[in-house]
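Trainee: I've just opened this one and I'm new to it. Can we walk through it together?

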Amino acid sequence: MAVTAETSGNDTIIKISGRFDFNVHQEFRSAYESAAPGTQFIVDMKATDYIDSSALGMLLLLREQAGGDKS
């Protein structure tokens with residue numbers, strides 16, 4: 001699996017390995033959609049070897065889900 005998620009306290013760590021492209025959009029979305037309000041997300045891309053423009057869009061959707069520019 002290219003996308004995994006684990007929760008530690010108030011943090012959800014989303015790990016992406018291999019290719020981060022449109023083919024993993026459902027896995028990526030599932031990793032954050034059920035998170036509780038106020039959850040902080042950490043995206044670990046240490047094992048990512050490719051990223052395309054759709055992946056950048058997915059990161060923006062995650063940012064929106066997490067509250068955008070709100071502090």
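Mentor: Sure, let's begin with a pair in helix H1, which covers residues 25-33: Glu33 and Arg29 sit four residues apart there, so about one helical turn separates them. Keep in mind that this is a predicted model.

Trainee: Okay, and how far apart are the closest N and O atoms of Glu33 and Arg29?

Mentor: Start with their surroundings: Glu33 is partly exposed at 41% relative accessibility, and Arg29 is partly exposed with a relative accessible area of 41%. A salt bridge needs the nitrogen within 4 Å of a carboxyl oxygen. Glu33 and Arg29 do form one, and their closest N and O atoms are apart by 2.7 Å.

Trainee: Which residue does Lys15 meet in a salt bridge?

Mentor: Lys15 itself is partly exposed, its relative accessible area being 34%. The partner is partly exposed too, with a value of 40%. From N to O the distance is 3.9 Å, and the side chain that Lys15 meets belongs to Glu6.

Trainee: Then there's Lys46 and Asp44. Is Asp44 buried or exposed?

Mentor: Their side chains meet in a salt bridge, at 4.0 Å from N to O. Lys46 has 76% relative accessibility and counts as exposed. Buried means under 20%. Asp44 comes in at 16%, so Asp44 counts as buried.

Trainee: How many salt bridges does the count come to?

Mentor: We've met some of them already, including Lys15 with Glu6 and Lys46 with Asp44. The charged side chains in the protein are 6 positive and 10 negative, and the centres of the two sets lie 3 Å apart. By the distance rule, the count of salt bridges is four.

Trainee: Stepping back, what pattern does the protein follow along the sequence?

Mentor: Count the pieces before ordering them: the protein has two helices and five strands. Reading along the sequence puts them in the order β-β-β-α-β-β-α.

Trainee: What radius of gyration does the protein have?

Mentor: Picture the C-alpha atoms filling a box of roughly 30 × 25 × 20 Å along the principal axes. For 71 residues, a compact globule would come out near 11 Å, and the protein agrees with that, its radius of gyration being 12 Å.

Trainee: Last one: what percentage of the residues is buried?

Mentor: Let's look at the outside before the inside. The accessible surface is about 4800 Å², and carbon and sulfur atoms own 51% of it. Among contacts with a separation of 6 or more, 64% join residues 24 or more positions apart. Of the 71 residues, the buried share is 27%.

Notes
Residues are numbered from 1 along each chain as its sequence is written. This is a predicted model: local features need pLDDT of at least 70, side-chain atom pairs count only at pLDDT 80 or more; totals for chains, interfaces and linings use all residues. Side-chain values use heavy atoms; hydrogens and water are left out. The radius of gyration is taken over C-alpha atoms; the globule rule is 2.2 Å times the number of residues to the power 0.38. Buried means under 20% relative accessible area, exposed over 50%, partly exposed in between (1.4 Å probe, protein chains only). Contact means heavy atoms within 4.5 Å. Accessible areas come from the Shrake-Rupley method with a 1.4 Å probe; for residues, only the protein chains shown count as cover. Lys and Arg count as positive and Asp and Glu as negative; His and the chain ends are not counted. The place of a charge is taken as NZ of Lys, CZ of Arg, CG of Asp or CD of Glu.
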